[in-house]
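Me: Got a minute to go through this one with me? I'd like to start with the strand pairing.

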Amino acid sequence: MAEWNAFYHNEEDEEEQEEGEQSGGEYYKITGRDSLVFLVDASKEMFIKGEDGQPSNFDMTMEVVRSVYTSKIISSHRDLMALVFFGTEQSKNPRNSFKHVYVYHDLDEPGAKRVREVDALRGEKGAQLAGETMGIGGETSLADALWCCANLYSDIKLRLSHKRLMIFSCRDEPHGGDSAKDRLARTKAGDLKETGVVIDLMHLMKPGGFDVAPFFRDIVSPPDDEGDLGLQLEPCGKMEDLRKRVRAKELKKRAMVRINLCLGEGVNVAVGIYAPAVAAKKPGPVKLYRESNEQVRSKTRTFHTQTGSLLLPSEIKKAQVYGTRQIVMEKDEVDAIKKFEDPGMILIGFKPMEKLKLSHHHIHPPPSSTPRRARSKCSEKNVFAVCRCVSRRNYPPRFVALVPQNEELDEGKVQITPPGFNVIYLPYADDLRTLDTPRCPWASKTQVDKMKEIVTKLRFKYRSDAFENPVIQQHYRNLEALALDMDAPENTEDLIMPKVEQINQRLGPLVQDFKDLVYPIGYNPENKPGAKRKTAEAGGGADKKPKVEVTEDELRAHVQNGTLVKLTVPVLKDACKKFGVRTTGTKKQELMDALIKKTRTLRSSI
């Protein structure tokens with residue numbers, strides 16, 4: 001019989017967790033693939049260079065497409081992507097049904113070959129290649145381009161969980177005011193939206209400004225929820241702005257789990273728990289068959305130890321040894337023991353925000369989306385909600401704090417902080433431990449003030465996205481160079497390491513002042529201790545140095561300023577003998593404690 005694993009999962013939970021890790025969520029189970037189609041304008045206006053040598057809109061678009069290709073290969077290599085140009089002289093699409101539409105990449109998984117093909121379209125040589133291959137500045141019909149993209153989706157036999165189409169253009173009126181073509185484009189865009197395709201506009205800079213109202217406001221899809229930014233009015237003029245906007249749109253906001261929030265008897269509100277940030281990890285090794293280089297999939301089978309026959313799932317039981325007796329349980333009994341209640345949240349009450357301490361942040365779970373009115377009311381009253389939460393089937397109940405969080409946008413109107421509630425899992429009493437802190441000398445007020453000056457000088461605004469994992473970055477750079485036949489990449493800069501030169505410039509003489517206050521005279525932590533000198537009787541060098549005596553005034557100053565630690569052990573022993581301080585220990589800390597205690601009781605004499 002199989003031993004009952006004490007870990008809080010069964011086989012079904014482990015399988016779901018393995019699938020959920022591929023999508024970056026612990027609870028989410030993959031139900032299909034994402035798909036993304038880049039629909040790029042190939043008009044002559046897209047190839048005009050910017051001011052002061054800035055790249056053209058076409059170059060910026062190809063750079064972003066390449067960035068999304070490479071990121072998809074790393075994060076979600078099973079997703080499907082396509083690259084389509086409209087407004088070209090040449091035509092290339094299934095059955096060539098649409099003129100001036102060039103399908104550069106069909107809807108398929110991204111790979112190294114596609115990345116190299118997109119690289120060939122960048123720069124001046126890329127513009128020349130685009131003109132020779134597709135021809136630029138042809139007749140424009142956005143309706144035909146949207147129809148062609150719809151056919152790309154219909155030809156896919158796989159199950160698609162999310163379908164998105166991004167339009168890149170610098171023309172707010174691509175048809176030049178032709179009302180018939182505009183009407184056909186709006187009609188076809190409506191058909192795509194009815195089939196579940198989300199249409200976004202990534203409009204670029206043009207002379208005179210880009211006005212989205214006349215034509216594109218009826219083309220793009222409305223925002224799904226309050227967390228979606230919808231249509232941006234300002235065009236993208238910089239590469240970084242375009243990259244941020246595409247990154248914010250390309251990923252589908254999936255809930256790891258959807259549960260009910262019970263506000264009272266019979267009052268339930270459906271909420272979803274999301275993960276705004278997931279820890280990046282190096283992918284695990286993949287087993288390959290050495291003869292065909294195909295991926296090997298392993299399966300687990302359980303056999304009887306005596307007969308060797310294959311055991312069915314119904315024949316496998318769980319067992320746990322208590323004392324000398326083995327307790328055998330059926331699978332249904334084990335599941336019933338693990339189940340406390342159905343997944344959901346139950347509101348217990350509200351508490352002021354100052355009651356939530358830093359020590360209550362037991363772990364760092366994701367925020368959950370809740371009604372806008374509830375979030376705004378909690379923010380106004382500066383309170384947080386306390387709930388009992390069961391996030392998933394067979395999970396134990398936990399007490400959580402729902403902390404309101406308002407939406408924050410950057411200068412480019414890209415979302416930095418999503419709206420919702422941060423779910424803080426509160427610790428149980430057993431999770432809080434009392435540590436026996438080592439006894440250390442208390443810092444004096446002078447030392448504390450000096451350290452405050454140092455902390456003030458080194459203070460900066462922390463951003464988690466400003467520090468990348470150098471090991472993971474170097475790993476993927478090496479893989480990219482190997483797949484694309486590139487030269488060996490340079491070593492990744494480790495942004496986690498402190499910038500010593502900049503720190504020294506900011507602090508100036510404060511470091512040395514602090515060392516003088518804390519460390520003994522002549523102490524240098526960077527130098528290794530020298531070898532012990534031999535005594536004069538053993539044939540060594542000079543005799544021992546004479547002891548340094550401390551006067552009463554000097555000792556009184558050391559005690560008041562907290563610099564008693566600067567004195568050596570022989571000096572402290574001599575001071576104890578000189579002032580009649582009795583001590584049974586010989587360690588430096590014990591001698592200092594005895595002197596300080598004597599000073600407090602006989603302050604008038606020392």
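Reply: Sure. One term before we start: two strands count as paired if DSSP finds at least two bridges between them. Also keep in mind that this is a predicted model.

Me: OK. In what sense do β7 and β8 pair, parallel or antiparallel?
Reply: Antiparallel: β7 (residues 257–264) and β8 (residues 267–273) are joined over seven bridges. Within that pairing, Arg258 sits opposite Gly272 in β8.

Me: And how many residues are between the strands in that hairpin?
Reply: Two. Gly266 in this hairpin has a positive phi near 80°.

Me: Which sense does β7 run in with β11, parallel or antiparallel?
Reply: Parallel, with two bridges joining β7 to β11 (residues 344–352). Cys262 has Ile346 as its bridge partner in β11.

Me: Since a cysteine came up, how many disulfides are there?
Reply: Zero.

Me: Why is Cys148 not bonded to Cys149?
Reply: Because their sulfurs are 5.7 Å apart, too far for a bond, and Cys149 has the closest cysteine sulfur to that of Cys148. A disulfide would need the two sulfur atoms within 2.5 Å. Cys148 is also buried, at 1% relative accessibility.

Me: What about Cys378, where's its nearest cysteine sulfur?
Reply: In Cys387, 9.4 Å away, and Cys378 is in no disulfide. Cys378 counts as buried because its relative accessible area is 7%, and the cut-off for buried is under 20%.

Me: Switching to the inside. Which residues touch the most other members of the largest nonpolar core?
Reply: Leu39, Leu142, Leu165 and Ile167, out of 35 residues in that core. Elements supplying at least two residues each include β2 (33–41), β5 (160–169) and α6 (179–194). The biggest contributor is α5, with nine residues.

Me: What is Ile167 in contact with, leaving aside its neighbours within four places in sequence?
Reply: Leu39, Phe86, Ile199, Asp200, Leu201, Met202, Phe216 and Ile219. There's also a second, separate core of 32 residues, and Phe168 belongs to that one, as do Met62, Val64 and Cys170.

Me: Hm, Ile167 and Phe168 in separate cores?
Reply: A general point may be useful here. In a regular strand, side chains alternate between the two faces of the sheet.

Me: Last one: is Asp79 buried or exposed?
Reply: Buried, with a relative accessible area of 9%. Asp79 lies in the loop between α2 (57–75) and β3.

Me: What does its side chain make a polar contact with?
Reply: The side chain of Lys72, at 3.1 Å. Leaving aside neighbours within four places in sequence, Asp79 also has contacts that include Arg33, Asp34 and Asp108.

Definitions and conventions: Residues numbered from 1 in each chain as written. Predicted model: local features only at pLDDT ≥ 70, side-chain atom pairs only at ≥ 80, totals over all residues. Heavy atoms only, no water. Core = buried A, V, L, I, M, F, W, Y, C linked by side-chain atoms within 4.5 Å. Buried < 20%, exposed > 50% of the residue type's maximum accessible area, 1.4 Å probe, protein only. Helix = DSSP H or I, 4+ residues; strand = E, 2+ residues; numbered from the N terminus. Contact = heavy atoms within 4.5 Å. Polar contact = N/O pair within 3.5 Å; in protein donor to acceptor, adjacent residues only side chain to side chain.
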